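Hello,

Here is the structure I said I would pass on. My notes on its salt bridges and nonpolar cores follow below.

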Amino acid sequence: MAAASLDLQGLLARLDPTADVAQRHIWLIDVFDWLRGDRASPQAAVGRVSLLLDAVEARPELRERLRAWWRAFTQAVDLTTLLADYGFAPRTAFVSELTERLRRKILPGTPETTDASDLFRMVLPGAFDAGWIALLDDAQLARIGNLLADAALDDIDGAPRWRHTVMDAVTYCSSQVVAAGFSPELRLRMSAASESRAFHALMSDLDALREQMFRAPRDEDALQAAFVAFRDRLDACRASASSVYTHLEDNGISVGLVFRLRQLRERVLRIRELLDCLISPAPAPSVARLVGRLVLAGGERNSIRALIASNSSMLAAKVTERSAETGEHYITRDRASYLQMVRKAAGGGALTALTVLLKFGIYSLALSAFWSGLWSGLMYAASFVAIQLLHLTLATKQPAMTAPAMAARLRDIKTDAAVADFVDEVANLVRSQVAAVLGNVGLVVPAMLALALLVQFALGRPLLDAAHAAATLQSLSLAGPTAAFAALTGVLLFAASIVAGWTENAFVLHRLDSAMRYNPRIGAFLGAARARRWATFMRTHISGFASNISLGLMLGLLPAFAGFFGLGLDVRHVTLSAGQIAAAAASTGMAVLQQPALWWAVAAIPVIGALNVSVSFYFAFRLALRAHSVSLGDRARIRSAIWARWRSRPISFFLPA
C-alpha cells in the first residue's frame, strides 16, 4: 500500500491544468492505468479509487488544480459526441463498418485529440473497467461528483453544464433514430399496421421535453408529463422499426438492413440511458451505469467477430431454414423411399462415371494448373447440375442440406417423446446417407469399368497409361493424406450449402422471381407464359444451381490455388474417387489385383465417404443449432439418446425396418 501511495503522489504531482492537450490526456490515461493496477480484481481497483479521492480531498490546493484541469478538459473535448455516438458505426453499411474496424485494429491511436470517443477508447479500453466502475458505491460516486463540481461550468440560467451536454446528446441520438426511420430501406418495409408516423413527432416531443427541463422555475409535473410523452413516442418508433423483421423473415434477410435495425435499437436504448441521467433525482449512479455501458459498447465496437456474429445471425437462421426445406427431400423413412434413394443414387453414380472420363480428358490436354482447374470445375458443375435436373442423387450433397432439416426439429425438444422422435429421424438420416453412398459407389465402379473398356476398344489403347494409372492409385491410397483431403472436401460441401442458402435468400430478397415474371422487357423477350414458367423454374432450382456450381468450381480450382501458394492441397470426393480407382484398375488390367496399391486405394473409399458426409454434416448441424438457439443441456440429452439407440438397435442406422 505504501508503494501504491508513492506512485499516486508522483502521479498527482504531474497534474497540470496548463499543459497542452496531449500531456493532459496522457496524464488521464496514466491515472486510469494506476487505478487498474495489475488487474487482479475489480475490488482492488475500487480501493485505489478511494485512495485517489482521499489524496485529493486532503489537499485543497490539489482539489482546485483538479477542477481547473477538468475545466480545461471539458472546454477542449466535446463530451456530447462521446455520449451520443460512442459505440455506434459512423457509417450505415455493414461492409464499410467492417473496414473501419479493421483499420482501427491495425493503426494506433494518439492522445493528441479532441475527439472524446478516441480518447475514451484509450482511457477505458476493456471490460475490466466496466467491472470496477459497476462496484463503485453511492458515497464514492457522490465524492467524485463533488470534486468535479465547478460553478464556472454552470450556464447563466443556473443549470449545470452537464445537463445541457446530456440533453444535446439525446438530441443527436434522436435525430439519428429519425433519419434511420425515414430511410427508404426501412420505411418501405415497416408494417402498415405499425405506427410508422411515430418518427414524425419524435423531435417535437423532444423539444417539449427540453423546454420543460430548463424552464425556471421548473414544473415537475409538466416535466414528468413531457418525459412520459417522449418516452412513449420513442417506444413507438422502436416498435415500428421492429416490424421490419417480420418483412425480412418472409422476404429474405439482408445483413445490411439487420445492421441498420440493430443500430437503431441500440440508439433508442442509449437515449433511455441518457434520460435516466437527466430525470433521476440522484444522477450519479445512472452516470456510472452509462459509463460502464459505454465501455462495453466500445469493446463491441472494436470487435470484428461481434460485428459478424450479431449481424449475420438472422442470415444464418434464414440460410439454414431454406436448406431445411430442401433437405427434407433427402431423408427416407420407409423401405420404399429407401429403395428409391438407392435407385436415384445409382443414376447419379452412372453419370459421375462420365464425369470422371471427362476429367481425364481435360488432364490429357496438359493445360496449366489454373486452366486445368477451371475447366475441371466447370465440368464438375455441369455434371452436378445435370444430376439435379435429372432428379438423381449425389450422396455427398445430402448432409449439408439434411442437417438444417434435422436441427429444425429441435425447436421443441423438451419431452422424452420429442427426443425419441428426433433419434428416429437421426436413424432415418443415416440410413439415407448409407443408401446414397452405396448407390453412387455401387454403380460408378461398373459404369467406369465399362467406359474404360469402351475407350480402349475404340482407341486401341488403355484410357490411362501405366504411369498415370499407378500415380492415380498412389494418390488415392489410404496410407497417404487422403483422409485429410476427404475432410477438407467435407468443408467444401458445407461451404456449397451456405452459398446455396445465401443465393436463394438473395433471390427472394430482391424479388427476382417476380421480376422474371412481370418485367416488361423480359416478358417481351420470352413471352408471358414462358416468363412465368422460367420464374417458377428458377425459384424452385436456384438453390440447387448455386450449390452445384459453387461446389464444382471449388473442387476444380482449390488444388490450383493451393498449388500457387505451395500448399499441396487436393480434394477427395467419394464417388469421383471410386470412379478414378475403377479407371486406373481397368487401364492396368487383371494384374492390378495383385498390386497392394489397388487395395490401399479401395480401403480409402469408406474413409473418404465417411469423412465427406460427417464433416459436412457436422458443420451444417452446428450452424443450424446456433441458428435455432438449442441449449447445451438439450444437446447433451440428444447425444445420450443417440448412443442409447446405437447400443440397442445398431442395424436401424443402416437398413429400414
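**Salt bridges and cores**

Asp-232 and Arg-231 form a salt bridge, with their closest N and O atoms 3.8 Å apart; the term requires a side-chain nitrogen of Lys or Arg within 4 Å of a carboxyl oxygen of Asp or Glu. The model is predicted: local features need pLDDT of at least 70 and side-chain atom pairs pLDDT 80 or more, while totals for chains, interfaces and linings use all residues. Residues are numbered from 1 along each chain as its sequence is written, and side-chain values use heavy atoms, without hydrogens or water.

Asp-232 is partly exposed at 41% relative accessibility, and Arg-231 is also partly exposed, at 25% (buried is under 20% relative accessible area, exposed over 50%, partly exposed in between; 1.4 Å probe, protein chains only).

The salt bridge count is 24. Glu-61 takes part in a bridge with Arg-59 (3.9 Å, N to O) and in another with Arg-65 (2.8 Å, N to O). Glu-61 and Arg-65 sit 4 residues apart in helix H4 (residues 60-76), about one turn of the helix; helices are DSSP runs of H or I, at least four residues, numbered from the N terminus. Arg-65 is buried at 19%, whereas Glu-61 is partly exposed at 46%. A network of salt bridges links Arg-265, Glu-266, Arg-270, Glu-273 and Arg-293.

The largest nonpolar core (buried Ala, Val, Leu, Ile, Met, Phe, Trp, Tyr and Cys joined through side-chain atoms within 4.5 Å) has 80 residues, of which Trp-132, Val-170, Leu-209 and Phe-230 touch the most other members. Helix H14 (residues 255-279) supplies the largest share of this core, 10 residues. Apart from it lies another core of 50 residues, including Leu-476 and Ile-605.

Regards

Notes:
Helix = DSSP H or I, 4+ residues; strand = E, 2+ residues; numbered from the N terminus.
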